[in-house]
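Colleague: Before I take anything from a model like this into a calculation, I would like to learn how to read its features one by one. Could you take me through them?

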Amino acid sequence: MSTPINSANISTGDRPIALLNHPDPRVRFIYCGNAGSTNDIYVFQVDKPTKGNLLLFGSPLSISNGVFAAMKFRPDGKFLYVLTNDLNNPPVSGPILTSFDVDTKTGGLNLPQGGIGSNQPVRQLTLRSPQRGLIATAVAVDRTGEFAY
């Protein structure tokens, strides 16, 4: 019989809307995205496979370019794409897609070095909404890791 998780013991921010495990099963991290006033990503390390406890790993990563909406890993797990919406000015600025390097040893997220013209993904793209005032709610990455939608 399994024991239910006591959510009072796990801090996830004030409005968790996305929970995503790293795609490589050897990398034992789970990422929790928050759209509330904390507007950040918490990283949890999963302890031994037989226990499955979640341990907060480091400090949450603050998202400063809009309100968190969604996140998705590139299939190889090297990059995490985070989708945000600028709710203060939605008709003018569209959703923003930001890429982060994933450190598979620490679970840390960092803006990639490089950008356009390098072998690294672009750090940040402002997307065009098909209609004024629409916000983005999801992001998908194809299985080759070349395209994000």
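Modeller: We will go through confidence, salt bridges, one strand with its partners, and one asparagine.

Colleague: Where should I begin, and what is the mean pLDDT of the protein chain?

Modeller: Begin with confidence, since this is a predicted model, and where pLDDT is low, the predicted coordinates should not be read in detail. Here the mean pLDDT of the protein chain is 80, with 76% of its residues reaching 70 or more. Among the elements of the chain, strand β2 (residues 29-34) has the highest mean pLDDT, at 94, while strand β10 (residues 124-126) has the lowest, at 67.

Colleague: How many salt bridges does a search of the whole structure find?

Modeller: The general idea is that side chains of opposite charge can pair when their charged atoms come close. In this structure the search finds two salt bridges. One joins Arg-26 to Asp-24, with 2.7 Å between the closest N and O atoms, and the other joins Arg-74 to Asp-76, at 2.6 Å from N to O.

Colleague: Are the residues of these pairs buried or exposed?

Modeller: In the pair of Arg-26 and Asp-24, the arginine is exposed, with a relative accessible area of 72%, whereas Asp-24 is buried at 19%. That value lies just inside the class, because buried means under 20% relative accessible area. In the other pair, Arg-74 is the buried residue, at 17%, and Asp-76 is partly exposed, at 40%.

Colleague: How do I read a strand, and with which strands does β8 pair?

Modeller: Look at its cover and then at its partners. Strand β8 (residues 96-102) is mostly covered, with six of its seven residues buried. It pairs with strand β7 (residues 79-85) in the antiparallel sense over six bridges, and within that pairing Ser-99 of β8 is the bridge partner of Tyr-81. Strand β9 (residues 109-110) also pairs with β8 in the antiparallel sense, over two bridges, and there Asp-101 stands opposite Asn-110. Strands β8 and β9 form a hairpin with six residues between them, and Gly-107 in the turn has a positive phi of about 80°.

Colleague: Finally, what lies 2.7 Å from a polar atom of the Asn-34 side chain?

Modeller: For a polar side chain, ask first about its cover and then about its partners. Asn-34, in strand β2, is buried, with a relative accessible area of 0%. The atom you ask about is the backbone oxygen of Thr-12. Leaving aside neighbours within four places in sequence, the residues in contact with Asn-34 include Gly-13, Pro-16, Tyr-42 and Phe-68.

Definitions and conventions
Residues are numbered from 1 along each chain as its sequence is written. Side-chain values use heavy atoms; hydrogens and water are left out. A salt bridge is a side-chain nitrogen of Lys or Arg within 4 Å of a carboxyl oxygen of Asp or Glu. Buried means under 20% relative accessible area, exposed over 50%, partly exposed in between (1.4 Å probe, protein chains only). pLDDT is the predictor's confidence in each residue, from 0 to 100. Helices (H or I, at least four residues) and strands (E, at least two) are DSSP runs, numbered from the N terminus. Two strands pair if DSSP finds at least two bridges between them. A polar contact is a pair of N or O atoms within 3.5 Å; within protein, one must be able to donate a hydrogen and the other to accept it, and residues adjacent in sequence count only if both atoms are side-chain atoms. Contact means heavy atoms within 4.5 Å.
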